[in-house]
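I sat down with this one to look at how its strands pair up. My notes are below, in the order I looked things up.

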Amino acid sequence: MVETASTSPGQVLAVLRAEGPLTREQLRQRVGLSRVTMVERIDALRRLGLLRQVGHRQSSGGRRAELLAVDDTGHTALVADLGQSHATLAVVDLRGTVFAREDRRLRVGHEPGKVVPMLVEVGRELLAEAGRAGSLRAVALAVPGRIDHERGRCLAPPTMPGWSEVPLRDRLADAFGVPVLLENDANAGALGDYYALGRPDATLVGVRVGIGIGAGLVIAGRVHRGQSNAAGEIGHMRVEGSDRPCSCGRRGCVAAEASGQALSRLLRPVGVRSVDEVVSRVADGQPRAVRAVTEAGRLLGTVLTAVVTVVNPRYMRFGGAIGVLEPFLAGVRTAVQAGASAGVLDGLDIGASRLGANGAFAGLSGMVADELLAPSAVDALCGL
């Protein structure tokens, strides 16, 4: 039997992540290792706390073989979803289980000089509350707008202009002493839905409609960010016939017509003052709110028709306070079905995210798991 670099501890763990739970013998056969080397690999992974026993294989007459799986429960991440008017933090394991959580309302126009220290303070409190400060391995933050992943900074988020060029990664890394991952909020939500679907071999478009509008695209398990990290900024595509001012400084953007902020403005004459009140009125079945939300969905659907035609995804999942509303989804479906060709519509699954307010958390925890459990990262921990 010839053993190669592909049989390193990291590669063994990668096979177990993809195919597990497996017995030792099944795992050995998958990677082509001798029994002695397999024992060494399993011992190394157990010392790192990356393996756990999850039961036994049914016996065929002899001793029952133990089933091994990746231990994604003993390592902790602090994740945060930051928006124009909110900051939500949670302590999670690499599976996405939430152990402690806190939601904070923020003043529109908030500044990083005040909010970043708050994130650090609340994060430390949550880690202590959950009793998982000692197992913290990473921090992950979802924010609106483009991300400079090389430098760890936001790039001119339209709804949070004061956050442009702020060194978020460095500040959080200094505070917690662990690696920090940043991601666009819509990308994080799209990843969460992708993971929740079982990492299918299919393309997924995730659309987030709250105060603003954004989208994320997952292809072959990876986020497509585009040449300048601007992929998915559909909220600022122009709508024909519209001249309404948008928060980005332009006019006629779909976000200025179909976002939660736009709906709040449209329904202001009947007493609506916030996105939460839009949601409440739709839940109560108030006709004017239902019509407005349905029309907003139809308008966004006309924009998404172009996206669906170019990308031809299998799944389209909607999150955010407005995106999950059934009248909004009905409007989207009507527009997409009327505007796209039969071939593009074949097999297209349009629906609401099932993750609720934890969508970004699921995506961020999955990102952390992919980063920390990557073969190269595991091999580095083993000193290879």
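These entries cover a small set of strands and a helix.

**Entry 1, a reminder to myself.** I am working with a predicted model.

**Entry 2, the open sheet.** I looked up the strand order first and found E1-E3-E2, an open sheet of 3 strands with antiparallel pairing. I noted the edges too: strand E1 (22-23) and strand E2 (51-56) each pair on one side only.

**Entry 3, E1 against E3.** How many bridges join E1 to strand E3? I found 2, with E3 spanning residues 66-70 and the two strands running antiparallel. Looking up Leu22, I got Leu68 in E3 as its bridge partner.

**Entry 4, the helix.** I then checked what helix H1 (residues 9-19) lies across, and the list is E1, E2 and E3. Against E3, H1 runs at about 100 degrees.

**Entry 5, E4 and its cover.** Next I turned to strand E4 (residues 76-82), where 7 of 7 residues are buried. I split them by face: Thr76, Leu78, Ala80 and Leu82 sit on one side, with Ala77, Val79 and Asp81 on the other. That split fits the general pattern, because side chains in a regular strand alternate between the two faces of the sheet.

**Entry 6, partners of E4.** Which way does strand E5 run relative to E4, parallel or antiparallel? Antiparallel, with 7 bridges joining E4 to E5 (residues 86-93). Thr76 stands opposite Asp93 in E5, and a hairpin of 3 residues joins E4 to E5. I also looked up strand E7 (residues 136-143), which is joined to E4 by 6 bridges and runs parallel to E4. There, buried Asp81 has Ala142 in E7 as its bridge partner.

How values were computed. Residues are numbered from 1 along each chain as its sequence is written. This is a predicted model: local features need pLDDT of at least 70, side-chain atom pairs count only at pLDDT 80 or more; totals for chains, interfaces and linings use all residues. Side-chain values use heavy atoms; hydrogens and water are left out. Two strands pair if DSSP finds at least two bridges between them. Contact means heavy atoms within 4.5 Å. Axes are lines fitted to C-alpha atoms, for helices over the stretch in contact, and angles run from 0 to 180 degrees between N-to-C directions. Buried means under 20% relative accessible area, exposed over 50%, partly exposed in between (1.4 Å probe, protein chains only).
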